[in-house]
There are 2 protein chains.
Amino acid sequence: MSAQPGACVIGIDFGTLSGRAVVVRVADGEELGSAVHEYPHGVIERELPASGERLPPDWALQDPEDYLDVLRTAVPAAVEAAGVAPGDVIGIATDFTASTPLPVLADGTPLCRLSGLEDRPHAYPKLWKHHAAQGQADRINALAEERGEPWLPRYGGRISSEWEFAKALQVLEEDADAYERTERWVEAADWIVWQLCGEETRNACTAGYKAIHQDGRYPSAEYLAALDERFAGFVSEKIDGPPLVALGSRAGSLTARAAEWTGLPEGIAVAAGNVDAHVTAPAAQAIDPGQMLAVMGTSTCHVMNAESLAEVPGMCGVVDGGITPGLWGYEAGQSGVGDIFGWFVDNAVPPRYHEQARERGLDVHGLLSELAGELEIGEHGLLALDWHSGNRSVLVDHELSGLIVGLKLSTRAEHVYRALIEATAFGTRKILDAFADAGVPVRELFVAGGLLKNPVIMQIYADVTRRPLHLIGSEQGPALGSAMHAAVAAGAYEDIHAASAAMGRVTRDAYVPDEARSAAYDPLYDHYSRLHDHFGRGGDEVMHALRRRDGGPAARD
Amino acid sequence: MSAQPGACVIGIDFGTLSGRAVVVRVADGEELGSAVHEYPHGVIERELPASGERLPPDWALQDPEDYLDVLRTAVPAAVEAAGVAPGDVIGIATDFTASTPLPVLADGTPLCRLSGLEDRPHAYPKLWKHHAAQGQADRINALAEERGEPWLPRYGGRISSEWEFAKALQVLEEDADAYERTERWVEAADWIVWQLCGEETRNACTAGYKAIHQDGRYPSAEYLAALDERFAGFVSEKIDGPPLVALGSRAGSLTARAAEWTGLPEGIAVAAGNVDAHVTAPAAQAIDPGQMLAVMGTSTCHVMNAESLAEVPGMCGVVDGGITPGLWGYEAGQSGVGDIFGWFVDNAVPPRYHEQARERGLDVHGLLSELAGELEIGEHGLLALDWHSGNRSVLVDHELSGLIVGLKLSTRAEHVYRALIEATAFGTRKILDAFADAGVPVRELFVAGGLLKNPVIMQIYADVTRRPLHLIGSEQGPALGSAMHAAVAAGAYEDIHAASAAMGRVTRDAYVPDEARSAAYDPLYDHYSRLHDHFGRGGDEVMHALRRRDGGPAARD
């Protein structure tokens, strides 16, 4: 560590609904103060505020002014809460949802800020959960497969409709004028850094995972032209150009304008952009090869470094330096986890549980977890597939759906609740198996995210995966991880590994597997696997048929 | 009709929890008055009242004194409610749950009435839903299959643990002394007739469906000896002997004792015993060949006459004269129907539906039916298997369980409710298909039972089965059917067909299928069939595995 004793850094986590700034001591990672700013516009899903225009289904936009408000309000508030002098802050770093790209001018001005364009939906940032570019993603995948594009296997064989190319192609096809006026197509993760330091950069993480940057290049102009003649120049004109920057490197220095917004000293280090899940890995001290971090919230994101490049079927992506420089960063995911439990509590739990929870001062999740935790393994006689939001890894199929078998007249809410938890644990085990089979075994399993507070869920995961769980020791993992990157960018640590060692927070072996319980889960996992393959790999196409009938997406994501 | 103009008959329906007597006018079937008597002992499932002894799981006994109380209280009350003179009553008939056998002395005295035996569980009637003789049923089936017993195919290839032989064998094996002291083993359906007319008879319905009486004989002594040497004389000593009587025939005349109980004239006609579902067929005018009656309540029982004998896979049984004399009576069933809907409402519907129902003065079934009825076919994107209580027909497997596929975060209670209704309708269609495939096609579909009041359920059944539904016009179908048999036994009608024509009640074409909706259901039924065969015919044994793990019955019923 080479910084003043009282030196601090600021990490800012830009989430789906709000941004959170945290002031962190460089020396030991102590979180000194934080503040949250809720986005006034939230997620723009139904109508565009500027015009009242109804948005089609599956759209999700944001207003970039909300992001700047986080700089103006949450940052000074966090500094004040921390009780530190602004002059003690030596660097700032950010992480963002991704892929959340936006169209901007060459100077970084968002298209939606231009007079006459504020009523054009395609002029706004497309939030990660904008799912209206599925048709474009399908064509991107089909053509890439047909041409044998070398990058396709790096994404488990299929790129997502959430990512930059599909969303940009949607702009071109649906609003050619907006596409034409887009001078740069940039991830919000890079745009916010641009606003802070005045330099346009592309960070290695989103460039690799979301913009198909592999082996030093983006998809070729020939490939893009074959998609659409007008798309041929997309990379050269709107993406490529600015430096590709490693995570933790210094993207630039805080501008006078940004210093004014934030109340921080002009000229301090601004780190390269980053992504919420990936930036959390060093905060949990989970960046050595074979250490997988599962960020478990409404969905689960799995990130892991490895020394070698492998093609893991169904992974979201593998990117050189995608988590930390010098290692291959792997990402996988489960589309639905906490949101399935939330759906269940909201839609399938009868009044007596709500009443009992109220009487006991618990929430319904707490009550159901307690009751579920008392059950023997197999006692409920149920088995579920956790595909209520589709399956990201390893099947990469958003048309799948949830299933439960074993229902009886004696089935009660806590039985189903436990079966749903177990199903998501089996889904995680499926991902661990895929990594092992591909030659990049998961040596250790770390957990971050809101679900780590639930001991029943944690113990089931330890038992099902036969692994000790190491839990992150911070409730603000992404912001803490960002702060570490700020410290590295400011030169306080040589690299993110050193920063992680000094500033990270982890409780090792917080939950350990019990051999008898693990053994009891093995045959259930075998049954899960049979259902998984039967419904997920073509044995019975009923899930796709049912999705088509109900007007859901007809194609795969 | 050959009776006095004001002549009446009484039908008594002995159900699971109560007995109902109805006074009916012979001339036109008008129901003049009725009364119900709840059994004081109800279903004895947990402990024997006489001793406080805990009963093992799956036991279900009754107290025969409760049945006599129905004669003593409900009959005179019904006569009073009807406002008729007892002297106008020319006959009485009964129907009963089945198989509900009891051990008695040669004079009809129940063993449980004997001093010193009142604390012996095996001295009591075993109610139809006593399921503790599964081991015996398994051995009965295995041996019958091994020996190629000719009667086995008449029961879809498997007899039930609910029936007379399995229950008697359980008595022998678990309380040899009680078995030894049993002089007659008799269905409650025949025992109550014995109490009314003083004559022991065996009615063609229970003898055929529950006591394996086929082609004029019961299972052979050789077969019984092979089961257990001590069981060799079961038929000759405890079952056979009394006349086998056709349905609607006169079993005898009301004794002085029974006349005193009931307040009815001594000497009036007492009809042969009968069973609740079967006796309802003439009440619904559903006794011509090819007219199937579905009695839809917590479970569904299907009965149908045909001119020819066929072996329908998975039927419960086919019996010569089992519904009406001179035709082959077929029976099939669905183990769970209304009880699945009830389970769902009690265990999987969140508070806001209960509140809304309360505000609107509906019950939750009414609210969910209304919401479910507004959905387009396929809109909910769900498909279920209706096996929460196992599958009676056509798979004859009580170890199966319920399944639902297509769950999404947008799934709501009314979606699942409709999917469950549809699943039971698909289950009915599966039974209709099996009859057609076996050469005894269902020409017309009639409905009785509590569910006929739900228009959403009825329309779905019409659409799924592509058949108009004819609904019984009485809320007391079994008792009305019994009353018809009393009229025939009293000589007022030549046969049950004539009585049915004059006294029956049916609303024909109450619901008719819509071609577009039927066509929309066809592909869903195809998917149901694939799931049905995959999980029900060995494609995936997960349901059996889950049942074994949760301590449920390990074998098939």
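Here is a short chat about how two chains of a predicted model fit together and what a few local features are called.

User: Before we start, what are the ground rules here?
Analyst: This is a predicted model, where local features need pLDDT of at least 70, side-chain atom pairs count only at pLDDT 80 or more, and totals for chains, interfaces and linings use all residues. Residues are numbered from 1 along each chain as its sequence is written, chains are lettered from A and ligands numbered from 1 in the order in which they are written, and side-chain values use heavy atoms, with hydrogens and water left out.

User: What makes chain A and chain B related as by a two-fold rotation axis?
Analyst: Copies are superposed by least squares on the C-alpha atoms of residues with pLDDT of at least 70 in both. Here a rotation of 179° with 0.1 Å of shift along its axis puts chain A on chain B, with an RMSD of 0.1 Å. The two copies are therefore related as by a two-fold rotation axis. The same surface serves both, too: 98% of the contact residues of chain A recur in chain B.

User: How do you know how many residues of each chain are in contact?
Analyst: Contact means heavy atoms within 4.5 Å. By that rule, 48 residues of chain A are in contact with 47 residues of chain B.

User: What is the area buried between chain A and chain B?
Analyst: Buried area is the accessible area (1.4 Å probe) that two parts lose on being put together, summed over both. For chain A and chain B that comes to about 3,800 Å², with carbon and sulfur atoms giving 62%.

User: Which elements of chain A give two or more residues to the side that touches chain B?
Analyst: Helices (H or I, at least four residues) and strands (E, at least two) are DSSP runs, numbered from the N terminus. The ones you want are α11 (338–347), α12 (351–360), β16 (402–407), α18 (515–536) and α19 (542–549) of chain A. With eight residues, α18(A) gives the most.

User: What makes β16(A) and β16(B) a pair of strands?
Analyst: Two strands pair if DSSP finds at least two bridges between them. Five bridges join β16(A) to β16 (residues 402–407) of chain B, and the strands run antiparallel. In that pairing, A:L407 stands opposite B:G402.

User: How many salt bridges are there between chain A and chain B?
Analyst: A salt bridge is a side-chain nitrogen of Lys or Arg within 4 Å of a carboxyl oxygen of Asp or Glu. Between chain A and chain B the count is zero, although the whole structure has 50 over all chains.

User: Why is the link between A:R72 and A:D69 called a salt bridge?
Analyst: The N to O distance between their side chains is 2.6 Å, and the rule asks for within 4 Å, so the name fits. Being three residues apart in helix α1 (residues 64–82) of chain A, A:R72 and A:D69 are separated by about one helical turn.

User: What do β2(A) and β3(A) form?
Analyst: They form a hairpin with five residues between them, and A:G29 in the turn has a positive phi of about 80°. Seven bridges join β2 (residues 18–25) to β3 (residues 31–38) of chain A, running antiparallel. Across them, A:V22 stands opposite A:S34.

User: Where does a cis peptide bond turn up in chain A?
Analyst: From A:A98 to A:S99, with omega near 0°. A:S99 is found in the loop between β4 (89–96) and β5 (101–104) of chain A.
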